[in-house]
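These exercises are worked from the sequence and the structure shown below. Try each task before reading its solution.

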Amino acid sequence: MTALTRLSVLSILILMVTSSCSTTRRIPSDEILYTGLKSVEFNPENKEQKVPSAVKGDIKDAVNVKANKYTFTPSIRIPVGLWVYNNWNPDSKGIKKWLYNKLVEDPILISDVRPEVRTKMIDEILDNNGFFQGTSSYQLNQGKNKKKASLTYIVKTGPAYMVDTIEMLPDTTKLFGLLNSAARRDTYLGRQNMRYSTDSLSVARTRLANIVRNRGYYYFRPEYIEYLADSIQNPGHITLRMTVASNVPKQGITYYKTGKITVYAFRTRGGGTPDTTIYKQATLIQMMPSRLRRDIIPECISFREGRQFSVRAMNQTQNRLARLGIFNSISIDVSPDSLASEPTLDAAISCTFDTPLEASIEVNASSKSNSYIGPGITLGVTNKNIFGGGEQFSVSLTGTYEWQTGGKNRNHSSVFNSYEIGLTTSLAFPRMLAPRFIPRRHRQLNWTRISLNADLLNRPHYFKMAQFNASFNYDWQSSRNSTSTLTPFKITYTNLIHTTELFDSITAANPAIALSFRSQYIPQMAYTYNYMKMLDRDNSLNWTFTVQEAGNIFWSIYELCGVHGEKRLFGTPFSQFVKGQTQIVYGRRLSGENWLYFRAACGAAHAYGNASQVPYAEQFYVGGANSVRAFTVRSLGPGSYRPDANAIDGYFDQTGTFKFEFNAEYRFPIFGPLHGALFLDTGNIWLLKEDPQRPGGLLKASSFFKDLAVGTGAGLRFDIGMLVVRGDLGIGIHAPYDTGKRGYYNMKSFGNSLAFHLAIGYPF
């Protein structure tokens, strides 16, 4: 069976190569095989006139019909399914029948694409966008084989009709006045001499309806607004009249005020005894027993009884209640109060509590930026409503066993295993326990977090280290695309519990390493800003900036108290340094799911005062699965420095206080969840202070570009949405150190320049 399968697949490839007409043999004589869209040619009225990109996009989407699939790789185009359709007998038996059913694909013909219908679609798109004199046509592009053709569409847009006048509603009612005022301020209707567009008019109609619905006209709908367009009064231009439909129901034009607001808080499993509490904002009916901080509901209510009814206030109330994270369902029902003296809407808000306790067991494969990968297990328990106001208290225990990925470019970079055990507790409040001057976006949830962590790291050939830290963080969103994290207090204590003779010899030979690994306190403050935005459907931007300092406040206090020289906290020295790093990632869609990404990252750290070296954990390194992928982690730098090939301590030497990286990656789909990538990486680390034991490591402008390591490569990604498993094969092009070979390409051999990395998630 296996031999037959191989023979069948081989016969496909041989016959496809030797038979030039094999993909059109079964196509009827009066039909033509469609090979794809060649181009869409836009011919505007004159050279100065540009066709809007949105119009181009709509037209291309309307005519971009996919041809038969070409499988295997983007560079080798083999129409397997089409060839099977034309050359294999569907009545075959056995393995050949099975292969036929798996591979066959019906041909897509020009008659299936129906280009004459698509030109009508183009004409309709042109009309909807103000190009009323526009026309379109198509042509077949045939080569030597007249049974195959691609399509080219020619679009002549003609002049664009501009809206020169808008007649507003008669200012006879409050509703009409609101609509007129909103239209004059609208980003489309309020502009002068804008191009006619039915899509823009529809969007503007929705904006106007939302405005008046927030001004008391709850039942008003966008479809109640109508437009009458006239192109006869002023040829080449549009006179627009805005009207309200004649069949609008009475409720649609009635102004409402807010009436009674009642909140019902139901238990998870139902039942309970109702407990009624009357607040200024609302009446709360809570089914007891249940845990709810008494003032939490009034804080979420944006309605005010007696004021005009607002849809925005209703949505804001629902969002605030949902952000608490303590309810599994929230609904708001609105109904007119028939007994009120004026039109009034009562609101009934129903909230059902979620289960407060949540336990989790996660078995996973972890991947870190230092190229360590391995299995792990996390046991966690979270109380999502410990104080009745959405406060989350969680405890988690994590254990991982790890090994390092990457090729053996260096003897000292060979694989060695480790394990890590960590215990973390945290208490998070779904609000900012901070001064009000900190700008934040109240539509999103802002958090205050207090956390404690203990971690034990074992590197069996080197050391066993314990680390403890406590931190206080603020997380908030200041705008739609901006998030911030402020850490006003974080203190970390590291302690080397055990070291091996090998590690002791390393630190004895290099005082800088010894100082960076010493037991010490690291009191820190930090701030991180992230800006992430889809600029449009084809462009994305993500910028992150982090700045942190350690020890300055403690140093200042000691100095004010007259303590000079080395300062200690609880008998142990504390570190003092500043550190900043930034990263920008830009993505550009080329076509479909083909993306080109660029990443640039830079960072610097400087120790002073109470410390001569930045702690080892805070220093920079490059190489590995998320950096310069042609080199293993910590096998580069600083600068042109390279430890002796037989030195086992090189792994610890190759860190620095300045980092620069640049990456370019082309990502493309292959088949289903399988994606591919081609990449180019460059980067290195340097020292900001001279170290005689690491010659060539100091950052210098004269040698900066020569010190940049360069690599390229290809990768596969298995992307199922929530999980991405990635394998990258890096190929070295230029090493910053002396390899014994001349020229820019100075790798010893092709085989020695390879590094394979297995990782979880995309590199950036």
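**Exercise 1. Which residue of β12 is the bridge partner of alanine 265?**

Solution. The model used throughout is predicted.
Step 1. Find strand β10, residues 257–266, which pairs with β12 in the parallel sense over 4 bridges.
Step 2. Look across from alanine 265 into β12: its bridge partner there is glutamine 286.

**Exercise 2. Give the strand order of the open sheet of 5 strands, and explain what sets its edge strands apart.**

Solution.
Step 1. The order is β11-β12-β10-β14-β13, and the pairing is mixed.
Step 2. The edges are formed by β11 (273–278) and β13 (327–336). Each has a single partner strand, so one side of each has no neighbour in the sheet.
Step 3. On average, and with direction ignored, neighbouring strands of this sheet are turned by 15° against each other.
Step 4. Now add a helix: α10, residues 311–323, lies across β13 and β14 (344–353). The angle between α10 and β13 is about 160°.

**Exercise 3. Which residues touch the most other members of the largest nonpolar core?**

Solution.
Step 1. This core has 29 residues, and those with the most contacts to other members are Ile297, Leu321, Phe327 and Ile349.
Step 2. Two or more residues of the core come from each of β10, α9, α10, β13 and β14.
Step 3. Take isoleucine 297 as a case. Not counting residues up to four places away in sequence, isoleucine 297 touches Val263, Leu284, Leu292, Leu321 and Phe327.
Step 4. A separate core of 28 residues also exists; Leu175, Ala183, Leu208 and Val248 are among its members.

**Exercise 4. Describe the surroundings of aspartate 337.**

Solution.
Step 1. Aspartate 337 sits in the loop between β13 and β14.
Step 2. Its relative accessible area is 23%, so aspartate 337 counts as partly exposed; the buried class ends at 20%.
Step 3. With neighbours within four places in sequence left aside, aspartate 337 is in contact with Thr344 and Asp346.
Step 4. A polar atom of the aspartate 337 side chain lies 3.1 Å from the backbone nitrogen of leucine 339.
Step 5. Compare sequence with space: aspartate 337 and glycine 259 are 78 residues apart in sequence, while their C-alpha atoms are 7.5 Å apart.

**Exercise 5. Which strands are at the edges of the open sheet of 4 strands, and which helices lie on this part of the model?**

Solution.
Step 1. The strand order is β7-β6-β9-β8, with mixed pairing.
Step 2. β7 and β8 (225–230) are the edge strands, since each pairs on one side only.
Step 3. β8 pairs with β9 (residues 237–244) in the antiparallel sense over 6 bridges. Within this sheet, alanine 229 has leucine 240 of β9 as its bridge partner.
Step 4. Helix α7 packs on the sheet and touches β8 and β9, its direction making about 150° with that of β9.
Step 5. Helix α8, residues 198–213, lies across β8 and β9 and runs at about 145° to β8.

**Exercise 6. Is serine 451 buried or exposed, and what is in contact with it?**

Solution.
Step 1. Serine 451 belongs to strand β19, residues 447–459.
Step 2. Its relative accessible area is 17%, so serine 451 is buried.
Step 3. Apart from neighbours within four places in sequence, serine 451 is in contact with Thr425, Ser426, Asn469, Ala470 and Ser471.
Step 4. With serine 471 there is a polar contact of 2.7 Å between the two side chains.

**Exercise 7. Find the backbone features that depart from the general pattern.**

Solution.
Step 1. Start from the pattern: most residues other than glycine have a negative phi, and most peptide bonds are trans.
Step 2. Asparagine 193 has a positive phi near 55°. Asparagine 193 is in the loop between α7 (174–185) and β7 (194–195), and is partly exposed at 44%.
Step 3. Arginine 634 also has a positive phi, about 55°. Arginine 634 lies in the loop between β27 and α14 and is buried at 8%.
Step 4. For peptide bonds, methionine 288 and proline 289 are joined in cis, with omega about 0°. Proline 289 is in the loop between β12 (283–288) and α9 (296–300).
Step 5. The bond from glycine 637 to proline 638 is cis too, with omega near -5°. Proline 638 is in the loop between β27 (594–607) and α14 (650–653).

Technical notes
Residues are numbered from 1 along each chain as its sequence is written. This is a predicted model: local features need pLDDT of at least 70, side-chain atom pairs count only at pLDDT 80 or more; totals for chains, interfaces and linings use all residues. Side-chain values use heavy atoms; hydrogens and water are left out. Buried means under 20% relative accessible area, exposed over 50%, partly exposed in between (1.4 Å probe, protein chains only). A polar contact is a pair of N or O atoms within 3.5 Å; within protein, one must be able to donate a hydrogen and the other to accept it, and residues adjacent in sequence count only if both atoms are side-chain atoms. Contact means heavy atoms within 4.5 Å. Two strands pair if DSSP finds at least two bridges between them. Axes are lines fitted to C-alpha atoms, for helices over the stretch in contact, and angles run from 0 to 180 degrees between N-to-C directions. A nonpolar core is a set of buried Ala, Val, Leu, Ile, Met, Phe, Trp, Tyr and Cys residues joined through side-chain atoms within 4.5 Å.
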